[in-house]
Amino acid sequence: MNSSILSGKTYFIRTFGCQMNLHDSERVSGLLDSLGCLEVGEPSDADIVIFMTCCVREAADTRLYGQCSSCKSLPKSPSGRRVIAVGGCIAQRDGEGLLTNLDNVDVIFGTHSIAHVGELIAQAFEDGDHHVRCEEIEDKGATSMPWHRATTFHSWVPIMTGCNNFCSYCIVPYVRGREKSRPFEQIVDEVAGLVRSDVREITLLGQNVNSYGRDIFGKPRFADLLRAVGETGIERIRFTSSHPKDLLPETINAMADVPAVMPHLHLAVQSGSTRVLKEMNRRYTREQYIDLVRSIREKIPGIALTTDIIVGFPGETEEDFLQTLSLAEEVRYAQAFTFIYSKREGTPAAMIDDPTPHDVILDRFNRLVSVIETTAHEFNQGQLHTTVPALIEGTSKKDDCMLQGKSPWNQTVHAPLPEGADIDSYIGKIVDVDVDVAKTWYLSGSLVGGPR
Ligand code: SAM
Ligand code: SF4
Ligand code: F3S
């Protein structure tokens, strides 16, 4: 590759979808930075525009077409020639086929091919042709690529890629491949290195972190990994996602024992009906999930439990939905991501006919959201008139004099920036906040002492 052609070029990257894509974007940025490119904040200022795409639901899928078309009306790029590149899960799914509808796209790179993005873009600048690379197997180069972190104090740490679960509604295993764990020591060394560069919080990433290590050691070793990462001196450890069927008692024990593991667990339930869970191929029942929640709360009282729930899975009856509603009321989630089922071609659920009218599904969705709002508010009320340590991420979008951070329970926390203080001396620092307001989606209060 003649990579020198990229030196001095500007790039803009827009990311859709989950943390996997966010982290992949950090790797793509790291690679382009190492080739002498410069990131810019607007597509109009960029010689290279990259879209990291998601196809988990239809809405995310269709957004790409609008984004690519809008590039046609951009003013000329600084270098006089603009290369448009599409990566991520839509690229992996559709490959070269994307060119049929997106005639201004130059480069397509799949989820296993991000290590090649530099050479693909350089070739496109050189010959003006289309360049497509969508391998079917995991690219060994990706986790050793340079990496441009979005913040200095937090880092995503992928511990595995892919998914073996094949939930019947989900496209992810088809676009991310099978589970592949990173070597244990590599992850621990990486976290130790992050601690040395003043990172205070990490999020371990995988589609199902609870099965981490099964492909290397023949059994999951996520609990051992939590304990080893906890020894590095990192102050806050989070992880996502956790599949309930693989959450072992030893992992709950490790969460309780390792002080740096934050008291928050995202445990996707998807449905409260055992019948629907079976159709979804989730491999646990409503009762097993509720028992699991009970054992987690026994070991870690006060833990914030959050979840994902799908409403309107094909064939979901009112009775099934009432089971979901009552489960949500029983578990009392601190927060939940609620989704209306979206048909994904190629998945088993896409073959199931569903006569349920959309307005019925929408009504169910709204009823569920209202239960979640009640339990989220109740959870936050539990922190009222307490002092909460918040890791400051920046300022509130609405008020740049209002510090915004995260509590150990992953709640958004606001506190006024002291008069005359410099925001930079707070970002990435932990402050204590005396909470005097506890709303559904945030806490707010006043600072006690200084940043640390
Ligand atoms: N691996 C994670 C887990 O199982 O917890 C989830 C990853 S997926 C990117 C995030 C969420 O999207 C899922 O938990 C599910 O609720 C939702 N989702 C996946 N496929 C969907 C579909 N076809 N329609 C609606 N929501 C979907
Ligand atoms: Fe999709 Fe299920 Fe895998 Fe999560 S565990 S990524 S929902 S197939
Ligand atoms: Fe979307 Fe791919 Fe993540 S489909 S949710 S970006 S794994």
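Let's start with ligand 3: its shell is made up of five nonpolar residues, three polar ones and one charged one. Keep in mind that this is a predicted model. Here's a look at who sits around ligand 3 and the other two ligands, 1 and 2.

**Around ligand 3**
- The residues surrounding ligand 3 are G17, C18, N21, C54, C55, V56, C89, R176 and Q207.

**Around ligand 1**
- Ligand 1 has 15 residues around it, and the closest ones are R57, Q207, Q270, D308 and S342.
- Sort that ligand 1 shell by class and you get seven nonpolar, four polar and four charged residues.
- One of the closest residues, Q270, has a side-chain N or O atom 2.7 Å from an oxygen atom of ligand 1.
- S342 uses its backbone instead: an N or O atom there lies 2.7 Å from a nitrogen atom of ligand 1.
- Y169 joins in with its backbone too, where a polar atom is 3.0 Å from a nitrogen atom of ligand 1.
- On its own, ligand 1 has 560 Å² of accessible area, and the protein covers 92% of that.
- Which elements give two or more residues to the shell around ligand 1? They are strand 13 (304–311) and strand 14 (335–340).

**Around ligand 2**
- Ligand 2 is surrounded by C163, N165, F166, C167, Y169, C170, V172, P173, Q207, H243 and R282.
- Split by class, the ligand 2 shell holds seven nonpolar, three polar and one charged residues.

**A name to look out for**
- Q207 turns up around ligand 3, among the closest residues to ligand 1, and around ligand 2.
- Y169 is part of the surroundings of ligand 2, and its backbone has that 3.0 Å pairing with ligand 1.

Note on methods
Residues are numbered from 1 along each chain as its sequence is written. Chains are lettered from A and ligands numbered from 1 in the order in which they are written. This is a predicted model: local features need pLDDT of at least 70, side-chain atom pairs count only at pLDDT 80 or more; totals for chains, interfaces and linings use all residues. Side-chain values use heavy atoms; hydrogens and water are left out. A residue is near a molecule or strand if one of its heavy atoms lies within 4 Å of it. Ala, Val, Leu, Ile, Met, Phe, Trp, Tyr, Cys and Pro count as nonpolar, Asp, Glu, Lys and Arg as charged, and the others, Gly among them, as polar. A polar contact is a pair of N or O atoms within 3.5 Å; within protein, one must be able to donate a hydrogen and the other to accept it, and residues adjacent in sequence count only if both atoms are side-chain atoms. Accessible areas come from the Shrake-Rupley method with a 1.4 Å probe; for residues, only the protein chains shown count as cover. Helices (H or I, at least four residues) and strands (E, at least two) are DSSP runs, numbered from the N terminus.
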